[in-house]
Amino acid sequence: MADVEVYGKMLSTLPDDDDHPYRSGAWRPQNVEYDADDLRVEGELPADLYGVYLRNTENPLHPAIVRYHPFDGDGMIHKVSFRDGKVSYRNRFVRTDGLLAEQEAGRSLWAGLAENPNASARADGWGARGRMKDAASTDVIVHAGVAVASFYQCGDLYRLDPLTLDDLGKCSWGGSFPGDRGVSAHTKVDDHTGELLFFNYSTTAPYLHYGVVDAGDHLVHYVPVDLPGPRLPHDMAFTEHYAILNDMPLFWEPDLIARGLYAARYHPELPSRLGVIPRRGGTGDIRWFEFDPTYVLHWTNAWEEGDEVVVDGFFQGCPEPSAAGPGGPDGRMWRFLAQDAMQTRLHRWRMNLVTGATSEQDLSEACTEFGTINSGFGGRPYRYTYAATNEPGWFLFNGLVKHDTLTGREESYQFEPGVFCSEVGVAPRVGGTGEDDAYLVTLTVDMNRDLSECVVFRAGDVGRGPIARAQLPERIASGSHSCWAPGDSLRGWA
Ligand SMILES: [Fe+2]
């Protein structure tokens, strides 16, 4: 295997004058890995902010075979740690099998999301549709003290040291990792039990699996879930006793799949279905509940309330954007990335496990998505979610909204034009007990000053804006998901 880096610089074959909308501007990829200790901080750095913020971003190293989609870019994890009044930063590519193979070849070997899999130079690959590169670029969480990067189309789970971002290899789960199907992004960690809940999906039956990994990182549960056909679940939810899976009426057309084409189509004549399964339940234990048709990219939380299971997430008023609009087919592809085009709004679904009754309601009229919570309240009753507003037409976040789901009150912060943030991490204040006795941590892409900062908000006073900021060594690319992990949850922190 050839070296993948030279003097710390990842070799890129992208042209310098790239004008692809998601490989330039606020999405300009990085290819340098930095170690920066003791960043200079402006403002009041809280002494009780103690842990790491991890962020996954897409940074392609090679031109696409045909057409680039931002979800194809190689995963790069950014880490900002807060400890003893100091802020340090590192970024590292995830050393995926696909990245290493393409670095050796010096070009892309796999067709991306916007391309026909037959365009791939390799017959093998990853992903629910097959012949894709697992870029490990979608999500990052911490489980069993280690950072874990994942890919939305299913693939391996890549482990990184949460402090150094050193490559720790793939999850094996005691030798039981379901390598034939892989695992989807949006694995869920229950802080109360240390368990990791996950799912995968496929175009061949069984179309969905659900599983549990224990706090010791061993697979302890894995069951097929019956679905009427291939589906495209992106996220799942959990409560203290149940996992919640979904069957949404936006999916690859089965007759097109048979011809090797993968086109997501919305079927408003079909209901949305949520499946509630005991966390260690079998295939026959799942109960399905029907709701208004929509598609949900992200759930914020779920919990049990009497006989009911309640789930919050982001309802889409327009899951399949119109073909008409600026930019032709590419423009439509980008509208699938823009939450204003999808008309996303915070929504609540209720399921009565005794009577079978359901109800649902919008919790907000605001167009927000990518809501994060204080993870100590995951799977339990909660009140607050911190979501993002988007730059119209773009997968870029230009502001934050704190949703109070109890009162409906919303508190917002808007970044100045040309400044974009990442999905926020919710960092409970050390010694704090209240749900919003916490800080919000995010990374900016500041196009006005050509730099990136890590900025910190008080969760109890979002409207005030950042209370502290630390400049990163280079302007980063925008990207997808992130997480906060308290110091004492991390291997090697003590
Ligand atoms: Fe996601």
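A residue is termed buried when its relative accessible area is under 20%, and exposed when that area is over 50%. The tour below applies to a predicted model.

**The whole chain**

Begin by displaying the entire protein chain as a cartoon. Its secondary structure comprises four helices and 36 strands. The radius of gyration is 21 Å, close to the 23 Å that the globule rule gives for 494 residues, so the chain is as compact as a globular protein of that length. Measured out along the principal axes, the C-alpha trace covers about 60 × 55 × 50 Å. Of the 494 residues, 60% are buried. Contacts between residues at least 6 apart in sequence are also informative: 60% of them join residues at least 24 apart.

**The sheet containing strand 35**

Select strands 4, 35, 34, 32 and 31. They form an open sheet of five strands in the order 4-35-34-32-31, paired in antiparallel fashion. Strand 4 (41–43) and strand 31 (425–428) are the edge strands, each pairing on one side only. On average, and with direction ignored, neighbouring strands of this sheet are turned by 20 degrees against each other.

Now restrict the view to strand 35 (residues 468–471) and its partners. Strand 4 runs antiparallel to strand 35 and is joined to it by three bridges. Among the bridge partners to locate here, Gly43 is matched with Ala468, and Val41 with Ala470. On the other pairing, strand 34 (residues 453–458) is joined to strand 35 by four bridges, again in antiparallel orientation. There, Val455 has Arg469 as its bridge partner.

Show the side chains of strand 35 next. Which residues form its covered face, and which its uncovered one? Ala468 and Ala470 make up the covered face, while Arg469 and Gln471 make up the uncovered one.

**The iron site**

Select the iron ion together with its ligands. The NE2 atoms of His186, His234, His298 and His481 coordinate the iron ion at 2.0 to 2.1 Å. The angles subtended by the four donor atoms range from 89 to 167 degrees, which makes the arrangement irregular. The spacing of the donor residues in sequence is H-x47-H-x63-H-x182-H. His186 belongs to the loop between strand 11 and strand 12, and His298 to the loop between strand 21 (287–291) and strand 22 (299–305), so this pair ties together parts that are 112 residues apart in sequence. Both His186 and His298 are buried.

**Ser184, in the loop that holds His186**

Move to Ser184, which is found in the loop between strand 11 (167–170) and strand 12 (188–189). Is this residue buried or exposed? Ser184 is buried, because its relative accessible area of 1% falls under the 20% cut-off. Beyond its neighbours within four places in sequence, Ser184 contacts Ser150, Phe151, Tyr152, Cys154, Phe199, Asn200, Tyr201 and His234. His234 in that list is also one of the residues coordinating the iron ion.

**The sheet containing strand 21**

Strand 21, which borders the loop of His298, leads to another sheet. Select strands 16, 17, 20 and 21: these form an open sheet of four strands with the order 16-17-20-21 and antiparallel pairing. Strand 16 (237–238) and strand 21 occupy the edges with a single partner strand each, so one side of each is left without a neighbour in the sheet. Strand 20 (residues 272–278) and strand 21 run antiparallel and are joined by five bridges. One of the pairs to display is Ser272 with its bridge partner in strand 21, Phe291.

**Phe315 in strand 23**

Select Phe315, which lies in strand 23 (residues 308–316). Phe315 counts as buried, because its relative accessibility is 9%. Apart from its neighbours within four places in sequence, Phe315 is in contact with Asp292, Pro293, Thr294, Tyr295, Gln343, Thr344, Arg345, His347, Trp349 and Glu360. A distance to display is that between the C-alpha atoms of Phe315 and Arg265: these residues are 17 Å apart in space and 50 residues apart in sequence.

**Helix 1**

Conclude with helix 1 (residues 97–105), in which Gly98, Leu99, Leu100, Ala101, Glu102 and Gln103 are buried. What covers the buried residues of this helix? The covering elements include strand 2 (9–10) and strand 7 (86–93). Just after helix 1, select Gly106, which takes a positive phi of about 75 degrees.

Conventions: Residues are numbered from 1 along each chain as its sequence is written. This is a predicted model: local features need pLDDT of at least 70, side-chain atom pairs count only at pLDDT 80 or more; totals for chains, interfaces and linings use all residues. Side-chain values use heavy atoms; hydrogens and water are left out. Helices (H or I, at least four residues) and strands (E, at least two) are DSSP runs, numbered from the N terminus. Buried means under 20% relative accessible area, exposed over 50%, partly exposed in between (1.4 Å probe, protein chains only). Contact means heavy atoms within 4.5 Å. Two strands pair if DSSP finds at least two bridges between them. Axes are lines fitted to C-alpha atoms, for helices over the stretch in contact, and angles run from 0 to 180 degrees between N-to-C directions. Donors are N, O and S atoms within 2.8 Å of the metal (3.2 Å for Na, K and Ca); water is not among the atoms, so sites may look incomplete. Four donors count as tetrahedral if all angles lie between 85 and 135 degrees; four count as square planar and six as octahedral if opposite donors are over 155 degrees apart and all others between 65 and 115; anything else is irregular. The radius of gyration is taken over C-alpha atoms; the globule rule is 2.2 Å times the number of residues to the power 0.38.
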